[in-house]
Amino acid sequence: MASEVRQRAKAQSVSALGPLGIEAALEAKANPAFQPRPKIFDEFALTDRVGLVSGGNRGIGLELAIVLCEAGARAVYCFDLPEEPSEEFVASREYVSKLGNNSRLEYISADVRNQELLWKKAEEIGDKEQRMDICIAAAGICETHTDCLEFPGKQVREVMDVNTAGVLFTAQAAGRQMARFGNGGSIILIASMSGSITNRDHAWVSYNSSKAAVLQMARSVACELGVKKIRVNSLSPGHIYTKWVLCCHSYWS
């Protein structure tokens, strides 16, 4: 039984790049003709991958979109609310074009609260690129400090619509294309440390609740999409300094 488990584990860890680490060292010892070369970072390369990032006009979303391009992604499509991209996005797009790896940073104006629009835009990307591999749902808003007993319903709904429903709609949009092409994929939902703890002297009840919902959403969606070889994870950043908001996520993360 133990031998069976070891064999199964070895089969699951086989790299498409060939032997790595100790396995490569043993093969080199047994075969004098074997030529070692550094490969571990190739395991994390995103060559020819296509990504979708919500909240990608600036802040966390844009930073992560650039990282995907630096890792070799063919194209990363950034969804955000403004009709025109920010100066930071334009500068980032020019920077990516100079990386020399043929990666592209694209901008699409879209409201993450509009499920039908997100599905349609993602399908158009799929039609053009013929694949979808990565999704980062980073769009989010943070309300002003408001006493939990006085919090207006309109503001609660606004936060939940963007931070919770919008994250789900983004994951759906990309996940539908991942399932369509059958190559698997990776979906990353941006939650927050505030979804797990409460920040002292910060009256953000709707924001904290919306991010806690994202954590459970990641678990739930992961269980459903695992059979399709689509991984789902969440990230919980701490306080982030941005151009627009101090000690909080930027307006569109």
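**View 1. Tyr107 and its aromatic partner in the predicted model.** With a relative accessibility of 15%, Tyr107 falls under the 20% limit and therefore counts as buried. By the ring-centre criterion, the count of aromatic pairs comes to one. That pair is formed by Phe89 and Tyr107, whose ring centres lie 5.3 Å apart; the planes meet at 65°, so the arrangement is edge-to-face. The pair connects distant parts of the chain, since Phe89 belongs to helix H4 and Tyr107 to strand S3 (residues 104-109), with the two positions 18 residues apart in sequence numbering. Phe89 has a relative accessibility of 0% and counts as buried.

**View 2. Packing of helix H3 with helix H4.** Helix H3 spans residues 59-70 and helix H4 spans residues 87-97; their axes come within 11 Å and cross at roughly 5°. The two helices are therefore roughly parallel to each other. On the H3 side, the contact is made by Leu62, Ile66, Cys69 and Glu70. On the H4 side, Glu88, Phe89, Ser92, Tyr95 and Val96 take part. Classified by residue type, this contact comprises six nonpolar, one polar and two charged residues. Phe89 thus appears both here and in the aromatic pair of View 1.

**View 3. A charge over the ring of Trp119.** The charged end of Arg176 sits over the Trp119 ring. The distance from this charged end to the ring centre is 3.8 Å.

**View 4. Pro38 in the loop between helix H2 and strand S1.** Helix H2 covers residues 21-30 and strand S1 covers residues 50-54, with Pro38 placed in the loop between them. Pro38 has a relative accessible area of 76% and is exposed. Gly21 lies 17 residues from Pro38 in sequence, and the C-alpha atoms of these two residues are 9.5 Å apart in space.

**View 5. The protein chain as context for the close-ups.** The protein chain contains seven helices and six strands. Read from the N terminus, these elements follow the order α-α-β-α-β-α-β-α-β-α-β-α-β. The chain has 253 residues, of which 42% count as buried; Phe89 and Tyr107 are among the buried residues. Of the contacts between residues at least 6 apart in sequence, 75% join residues at least 24 apart.

Technical notes:
Residues numbered from 1 in each chain as written. Predicted model: local features only at pLDDT ≥ 70, side-chain atom pairs only at ≥ 80, totals over all residues. Heavy atoms only, no water. Axes fitted to C-alpha atoms, helices over the stretch in contact; angles between N-to-C directions. Helix = DSSP H or I, 4+ residues; strand = E, 2+ residues; numbered from the N terminus. Parallel < 35°, antiparallel > 145°, perpendicular 65-115°, else oblique. Contact = heavy atoms within 4.5 Å. Nonpolar A, V, L, I, M, F, W, Y, C, P; charged D, E, K, R; others polar. Phe/Tyr/Trp six-rings, centres within 6.5 Å; stacked < 30°, edge-to-face > 60°. Buried < 20%, exposed > 50% of the residue type's maximum accessible area, 1.4 Å probe, protein only. Lys NZ or Arg CZ within 6 Å of the ring centre and 35° of its normal.
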